[in-house]
Amino acid sequence: MNPETENQQLPFPRVAHAAPPRVYLSDDTVRFGVIGYGYWGPNVVRNLHGLEGACLSAVCDQSAQALKRAKQLYPGVTMTKDSADILTSPDIDAVAIVTPVWTHYELAKKALENGKHVFLEKPLTSNARQAEELIELAERKNLSLMVDHTFLFTGAVRKIRQLIDDGTLGDLYYYDSTRVNLGLFQHDINVVWDLAPHDLSIMDHVIREKPEALVATGECHLNGHVDVAFITVYFPRNIIAHINVNWLSPVKVRTTLIGGEKKMLVWNDLEADEKIKVYDKGVQITSQQGVYDLLVSYRTGDMWSPKVEQSEALKVELSHFRDCILNGHCPSNDGVAGLRVVRMLEAADQSIREKGKAILL
Ligand SMILES: NC(=O)c1ccc[n+]([C@@H]2O[C@H](COP(=O)([O-])OP(=O)(O)OC[C@H]3O[C@@H](n4cnc5c(N)ncnc54)[C@H](O)[C@@H]3O)[C@@H](O)[C@H]2O)c1
């Protein structure tokens, strides 16, 4: 993947904002402030710091220790404990919010109200109503609202989308992903809200059908939050998706199987090379006259591993955000994409509470 992302090189649909692009006084450079320098924030800050066409103006964190760490690495950047310094600064065009989920809505709302474009961590908000409000506010103010669905910008997911789009896999049958490890236990959210946004956003991006219903089961074992969960999503044309997320697994697994009528693929994200393997395997039923006449043949052809670009996904994603701001384009992973994921997370919580009841989407 080319880190110097040009809009036309990205394989995502683009919709221009209704209003004309804003004019940036600072020489076509977007000035960023980042709120949150905990676990993920340093990655966002590092990528913004070196990004062409972007200027990292300020970093905010409530924790003095976090700010001390940031200051050591970026001595020229303003550090503050007060998010209002960033949210109201006339010298900042865009804000990246990398704080816990329950803070996203308030911070993003203030940023948009103050005329800032917003890059908001996954999951977009704690509920669909908040997401809808932010989307409406961003539209009204002609500002970009983008959710950090980082995986969509990895070489692996871009390759998978390409293999589906160009018909290599044929009609899809299923999507089956496992994202399990030991911890990291979160205090404010369950394993579904922590890990499943990755799988749900990837699934949404590659299947590109509106899901019809969702069924989820899960249990809490340690701190009152669901720590093991199994989510099933039903799509039109018999496409079915299954997502297994677990904080209590002795081993880390990041594997997704995608089955199609023509080919099947396995994506193992923990593999350094050959992350994706495409199998020319399948099943053909040549007669359906009656159960006694059923002729089932199995195809077991070659396996190949397509080349996957290695660029850092977050850098590509932030380049895309910068380009959208400068050109007045709507990000591929905009607020609406974030809302689709939040709706599925809410449905998963409800289904788990009701012991696996099917929730219509
Ligand atoms: N895209 C990804 O792959 C990815 C990976 C990990 C986490 N995340 C997301 O990033 C977000 C943050 O997660 P984390 O693991 O870094 O959390 P964290 O708890 O490690 O860090 C959050 C930081 O935000 C600071 N903070 C909280 N409220 C603040 C406020 N109002 N003003 C200033 N600072 C504030 C805290 O002091 C803390 O340092 C979450 O939404 C999470 O889902 C995304």
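Biologist: How many helices and strands does the protein chain have?

Modeller: In this predicted model, the protein chain has nine helices and 15 strands. Its radius of gyration is 22 Å, close to the 21 Å that the globule rule gives for 361 residues, so the chain is as compact as a globular protein of that length. Along the principal axes, the C-alpha atoms fill a box of roughly 75 × 45 × 40 Å.

Biologist: What share of the residues is buried, and what share of the contacts links residues 24 or more positions apart?

Modeller: Buried residues make up 53% of the 361 in the protein chain. Of the contacts with a separation of 6 or more, 69% are between residues 24 or more positions apart. As for the surface, the chain exposes about 16,900 Å², and carbon and sulfur atoms supply 52% of that area.

Biologist: And the charges? Where do the centres of the positive and negative sets lie relative to each other?

Modeller: There are 38 positive and 46 negative side chains, and the centres of the two sets lie 2 Å apart.

Biologist: Now a single helix. Which span should the 15 residues of α8 have?

Modeller: The idea is to multiply a rise per residue and compare. At 1.5 Å a residue, helix α8 (residues 313-327) should span 21 Å, and its end C-alpha atoms are 21 Å apart, which agrees. Next, look at cover: 13 of the 15 residues of α8 are buried, so this helix is largely enclosed by the rest of the structure. Just after α8 comes G328, with a positive phi near 70 degrees.

Biologist: Is α6 mostly buried or exposed?

Modeller: Start with the general picture: an α-helix has 3.6 residues a turn, so residues three or four places apart point the same way. In helix α6 (residues 155-165), nine of the 11 residues are buried, so it is largely enclosed by the rest of the structure. Among the buried ones are G155, R158, I160 and L163. Following α6 is G167, whose phi is positive, near 85 degrees.

Biologist: How should I read a backbone angle that looks unusual?

Modeller: Most residues other than glycine have a negative phi, and most peptide bonds are trans. Here, R208 has a positive phi near 55 degrees. R208 sits in the loop between α7 and β8 (213-220) and is partly exposed at 46% relative accessibility. K355 also has a positive phi, about 55 degrees, although it is not a glycine. You will find K355 in the loop between α9 (335-353) and β15 (359-360), where it counts as exposed at 63%.

Biologist: Which peptide bonds are cis?

Modeller: One is the bond from K122 to P123, with omega near -15 degrees; P123 is in the loop between β5 (117-121) and α5 (128-140). Another runs from G183 to L184, with omega near -15 degrees, and L184 belongs to the loop between β7 (172-182) and α7 (191-207).

Biologist: Let's finish with two residues. What are S249 and L270 in contact with?

Modeller: Leaving aside neighbours within four places in sequence, S249 is in contact with V180, N181 and L182. S249 lies in strand β11 (residues 248-260) and counts as buried at 6% relative accessibility, because the cut-off for buried is under 20%. With the same kind of neighbours set aside, L270 is in contact with K252, V253 and R254. L270 is in the loop between β12 (264-268) and β13 (276-285), and its relative accessible area of 46% makes it partly exposed.

Conventions. Residues are numbered from 1 along each chain as its sequence is written. This is a predicted model: local features need pLDDT of at least 70, side-chain atom pairs count only at pLDDT 80 or more; totals for chains, interfaces and linings use all residues. Side-chain values use heavy atoms; hydrogens and water are left out. Helices (H or I, at least four residues) and strands (E, at least two) are DSSP runs, numbered from the N terminus. The radius of gyration is taken over C-alpha atoms; the globule rule is 2.2 Å times the number of residues to the power 0.38. Buried means under 20% relative accessible area, exposed over 50%, partly exposed in between (1.4 Å probe, protein chains only). Contact means heavy atoms within 4.5 Å. Accessible areas come from the Shrake-Rupley method with a 1.4 Å probe; for residues, only the protein chains shown count as cover. Lys and Arg count as positive and Asp and Glu as negative; His and the chain ends are not counted. The place of a charge is taken as NZ of Lys, CZ of Arg, CG of Asp or CD of Glu. The expected span of a helix is 1.5 Å times one less than its number of residues.
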